[in-house]
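Here are some exercises to help you find your way around a new structure. Try each task yourself before you read the solution.

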Amino acid sequence: MIKLRDFSIGYGSKMLLSHCNVSFTAGQLTALIGRNGTGKSTFLRAIAGLNRHYRGTVTIDSNDIATMQPQQLARMLAFVTTERTRIPNLRCEDVVAIGRAPYTNWIGRMQPIDREIVMHSLDVVGMSDYASRTMDTMSDGECQRIMIARALAQTTPVILLDEPTSFLDIPNRYGLVSLLRNLAHNEGKCILFSTHELEVATGMCDSIALIDDTALYHKPVRQMIESGHIQRLFSIPDVGLERTDL
Amino acid sequence: MRARTSILFTTLSLLTLLLFGLDLAVGSIAIPLHDIWLALTGGDCSPTTAKIILDIRLIKAITAILAGAALSVSGLQMQTLFRNPLAGPYVLGISSGASLGVAIFILGAPALGLSATLASVGIAGAAWIGAAAVLTIIAIAGQRIKDIMVILILGMMFSSGVSAIVQILQYLSREEALKAFVIWTMGSLGDVTTDQLFTMIPVVLAGLVLAVATIKPLNMLLFGEEYAITMGLNLKRSRCMLFVSTTMLAGTVTAFCGPIGFIGLAMPHVTRMLFSDSDHRVLLPGTILTGASVLLMCDIISKLFTLPVNAITALLGIPVVIWVVLRNKSITR
């Protein structure tokens, strides 16, 4: 689904990632891990078309993102950033509806099919009851779900999320990641999210992408654990990163 | 559309009509309503009455509607674009640009040997060129600068610099030229001639049409520029459309009426509060109506007490701005 060839990125003279070749497939949930400042956000933003200063090529479904129009890319890929978005006076339904922007006409007129998709997206994230509420009265976890519903309303094969769990408490974290996993497995989406939660990454995802120095490794979870990259990188020699369901 | 929204639109439209009528009725000479109607419909009334109504009050009332609507819409665009509740039509330096144009014209005209008549004809033109020049520079810079906050700061610094130049011109100029300039900066709805109105109407209407085309980009920009891009917004094109539309709206009004404060800053907030909505498909027509009706009201008050209109817009607008600042939870919490 997503393919990076000879991908390098950095800022100033600092190289974050150098000559990476990785691909992410449909129907899989991938956690992107790495120490602070190693370029997780930079990496995600580059794929999302927000940072064009990279070398190499990034393709989604064999389309080079460098040559795609913003609207074309918005139909392939949705992004949920770390920004805590709270728009006063805008009902959740309307927030999610703006996710239909790549498909609506010049003034954003919603067709019946668009409304159906909006309601379905709210339903998938379990927020149907919040359709008429406004975000300024909601918790961080609830807002995060609305922003994910907005991304779902873009009906894209790829969804990227930058640290979607960082403001959430433990039950909400697990709830959110299992939601992402269901989306990947049931709707065949390619979902990639950055996180600092090693337990979430190893326990609930299909594969892990790990940034180590300027290299990016991408392996299925078990292989990644066995490779010893995680232990070495995070210097946690005695934490049991076992899982039984593989 | 929600029931509340349609009720509000109806009420505001009626209010605007009512205030328009009232603005025609109020003035230093009392004219009965019946005569006003006759003058408007070309019926049988005294030539003096017809002249007062058609050549003075009607022009002024239409100017108030255009100026109120244009400034409010421009303020709404800037507030959403910069995601800043204290942004307004003048945040990018439109009024400083216009005042530089006027300053060069009024204060520099005697030095250039231009006659006073020529100067008075060209005030609006000079102001418009000044405003457009500043916006063009900001728009060109905006094509290269990614962070919208940098553009905001550039705009503010640029207008401070321009104001400094205006000050130097003021300092060097003669008394009568200085007085003419100061009067322009006070703002006035009454100096627009019939000919000027026929220039103002199409330009402001074109600006409003362009503003309608920015509704969808504005809704996407509620999430910030990065989210808007990932939802398919062509950022450069949208910014450019917003800048051009704001120049046509605020630039034109400032050229003909001088800088009119607070309407553009306060009315978008009043509209958001009234409609309790952030959807620009509601807010844009909403601000047109609130802006037009409030500026009509300011004009009526300014006529009743013979005060400059800018003083009234400020006295009405300041409480709104204070209310916005206090209501902003991130400041008061």
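**Exercise 1.** Work out whether Ser13(B) is buried, exposed or partly exposed.

*Solution.* Keep in mind that this is a predicted model. Start by counting: Ser13(B) has 14 other C-beta atoms within 10 Å. Next, bring in the cut-offs: 20 or more would make a residue buried, and 12 or fewer would make it exposed. The count of 14 sits in between, so Ser13(B) is partly exposed. To place it, look at helix H1 of chain B, residues 3-25, where Ser13(B) is found. For a sense of distance, take Gly251(B), which is 238 residues from Ser13(B) along the chain: their C-alpha atoms are separated by 25 Å.

**Exercise 2.** Describe how H1(B) packs against helix H13 (residues 280-304) of chain B.

*Solution.* First, the geometry: the two axes come within 9 Å and cross at roughly 25 degrees. Angles under 35 degrees count as roughly parallel, so H1(B) is roughly parallel to H13(B). The crossing is left-handed.

Then the residues. On the H1(B) side, Ser13(B) from the previous exercise turns up again, and its companions include Phe9(B), Leu12(B), Thr16(B) and Phe20(B). On the H13(B) side you'll find, among them, Pro285(B), Leu289(B), Leu296(B) and Ile300(B). Sorted by class, the contact of H1(B) with H13(B) has 13 nonpolar, five polar and two charged residues.

**Exercise 3.** Do the same for helix H3 (residues 47-81) and helix H8 (residues 194-213) of chain B.

*Solution.* The axes come within 10 Å here, and they cross at roughly 25 degrees. That makes H3(B) roughly parallel to H8(B), and their crossing is left-handed. H3(B) brings residues including Asp55(B), Ile59(B), Leu66(B) and Gln77(B), and these meet a set in H8(B) that includes Leu197(B), Met200(B), Val204(B) and Ala211(B). The class count for the contact of H3(B) with H8(B) comes to 11 nonpolar, four polar and one charged.

**Exercise 4.** At what angle do helix H12 (residues 263-275) and helix H14 (residues 309-327) of chain B pack, and what do we call that arrangement?

*Solution.* The angle is about 50 degrees, and the axes are 9 Å apart. Since roughly parallel needs an angle under 35 degrees and roughly perpendicular starts at 65, H12(B) is oblique to H14(B). H12(B) passes H14(B) in a left-handed crossing. Ile263(B), Leu265(B), Ala266(B), His269(B) and Val270(B) make the contact from H12(B), while H14(B) supplies Thr313(B), Gly317(B), Val320(B), Val321(B) and Val324(B). By class, this contact of H12(B) with H14(B) has seven nonpolar, three polar and no charged residues.

**Exercise 5.** Look at Arg83(B) and Asp213(A): what is the sign of phi for Arg83(B), and for Asp213(A)?

*Solution.* Take Arg83(B) to begin with. Its phi is positive, about 45 degrees, although Arg83(B) is not a glycine. Arg83(B) lies in the loop between H3 and helix H4 (94-112) of chain B, and it counts as partly exposed with 16 C-beta neighbours inside 10 Å.

Now Asp213(A). Its phi is positive as well, about 55 degrees, and Asp213(A) isn't a glycine either. Look for Asp213(A) in the loop between strands E9 (207-212) and E10 (215-220) of chain A. With 13 C-beta neighbours inside 10 Å, Asp213(A) counts as partly exposed.

**Exercise 6.** Find out how many residues each chain gives to the contact between chain A and chain B.

*Solution.* Chain B gives 21 residues and chain A gives 24. On the chain B side, H9 and helix H10 (225-230) are the elements that give two or more residues. That side of chain B splits into nine nonpolar, seven polar and five charged residues.

**Exercise 7.** Where in chain B is confidence lowest, and where is it highest?

*Solution.* Begin with the overall picture: chain B averages a pLDDT of 88, and 94% of its residues score at least 70. The lowest confidence is in helix H15 (residues 329-332), with a mean of 48, and the highest is in helix H9 (residues 215-221), at 97. Where pLDDT is low, the predicted coordinates shouldn't be read in detail. For the model, the scores are ipTM 0.92 and pTM 0.91.

Key: Residues are numbered from 1 along each chain as its sequence is written. Chains are lettered from A and ligands numbered from 1 in the order in which they are written. This is a predicted model: local features need pLDDT of at least 70, side-chain atom pairs count only at pLDDT 80 or more; totals for chains, interfaces and linings use all residues. Helices (H or I, at least four residues) and strands (E, at least two) are DSSP runs, numbered from the N terminus. pLDDT is the predictor's confidence in each residue, from 0 to 100. Two residues are in contact if their C-beta atoms, placed from the backbone, lie within 7 Å. Ala, Val, Leu, Ile, Met, Phe, Trp, Tyr, Cys and Pro count as nonpolar, Asp, Glu, Lys and Arg as charged, and the others, Gly among them, as polar. Axes are lines fitted to C-alpha atoms, for helices over the stretch in contact, and angles run from 0 to 180 degrees between N-to-C directions. Angles under 35 degrees count as roughly parallel, over 145 as roughly antiparallel, 65 to 115 as roughly perpendicular and the rest as oblique. A crossing is left-handed if the near helix is turned anticlockwise from the far one by less than a right angle, and right-handed if clockwise.
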